[in-house]
Amino acid sequence: MLLAKNLQKLPHVRHGFFDKTLPTGEYVDQRHNLIQTKNQLNAENIVRLYQTHSSIVHTINTPPKARLIGDALITTQPSLAICIRTADCAPILIAHKSKPIIAAIHTGWRGVILGKIIENTAQELQKLDNLKNYIVALGPCLHQKNFQAGPAIYNNISSIFINKKNYFDFPSYIKHKFNKLGFVEIETILIDTYDNPNFFSYRHATHQSKSLLDRQNAAICLI
């Protein structure tokens, strides 16, 4: 489990970017993995989404009876962990510096470039307080040297995030989005999922003709 330095300093928050310690392709393993994540954060309950690379944000204060469809969660409820799963997409955890407000975002290129998952999450968080009062942590994801982009990416973003061979600087683009919206404190964990065997990379697995079912969790919880 990795911790972001900027979130570690908050006494009212527990969080973690978990590696692929368990396979998560089968239902039983997914459930086991989720329970393990909940226990690591010492939470009473844990919620994750049915992720679809959408722009849908849910604010919750009790566990829903059925899994919600969307790509971001916000809560103000203590001991309710919110969790997302990734496999090259960027896991983003957010916490207010002093108030009991947290968020978790599943950030794939579709949701960031073609959708408004970051903007929509920011809009909901801004209803609770000024965005400069939140801390953002961007976890392990696909980095530029391994992210060759297609036209759906390079035709829709500034060329400063694409090199001459059309490799996309995904973490820098995400950080730029947060800065532009008004977030000030943003930490990027410099781990490329493609190169690090402790984390699952969908792109690496595809290139190696391996199973595409693994994922890793990122979660955050108010104490």
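Reader: Which residues are buried in α6?
Author: Happy to start there: this is a predicted model, in which local features need pLDDT of at least 70 and side-chain atom pairs count only at pLDDT 80 or more, while totals for chains, interfaces and linings use all residues. Residues are numbered from 1 along each chain as its sequence is written, and side-chain values use heavy atoms, with hydrogens and water left out. Buried means under 20% relative accessible area, exposed over 50%, and partly exposed in between (1.4 Å probe, protein chains only). In α6, the buried residues are Phe170, Pro171, Tyr173, Ile174, Lys177 and Phe178.

Reader: What arc around the axis do they cover?
Author: The arc is taken from the directions that run from the helix axis to the C-beta atoms. These residues sit on the same side of α6, because the arc they cover is only 165°.

Reader: How far does α6 reach from its first C-alpha to its last?
Author: Helices (H or I, at least four residues) and strands (E, at least two) are DSSP runs, numbered from the N terminus. The expected span is 1.5 Å times one less than the number of residues. For the 12 residues of α6 (170-181) that gives 16 Å, and the helix comes close to it with 17 Å.

Reader: Which residue with a positive phi follows α6?
Author: Its phi is near 120°. The residue is Gly182.

Reader: Why is the pair of Phe161 and Tyr173 edge-to-face?
Author: Rings of Phe, Tyr and Trp (its six-membered ring) pair if their centres lie within 6.5 Å; planes under 30 degrees apart count as stacked, over 60 as edge-to-face and the rest as tilted. This pair links distant parts of the chain, with Phe161 in the loop between α5 (151-154) and α6, and Tyr173 in helix α6, 12 residues apart. Their ring centres are 5.2 Å apart, and the pair is edge-to-face because the planes stand at 85°.

Reader: Is Phe161 buried or exposed?
Author: Its relative accessibility is 8%. Phe161 therefore counts as buried.

Reader: What is the angle between the planes of Phe178 and Phe183?
Author: Phe178 counts as buried at 1% relative accessibility, and Phe183 does at 2%. They form an edge-to-face aromatic pair, 5.0 Å centre to centre, with the planes at 75°.

Reader: Which residues form one aromatic cluster?
Author: The count of aromatic pairs comes to 7. One cluster is formed by Phe147, Phe161, Phe168, Phe170 and Tyr173.
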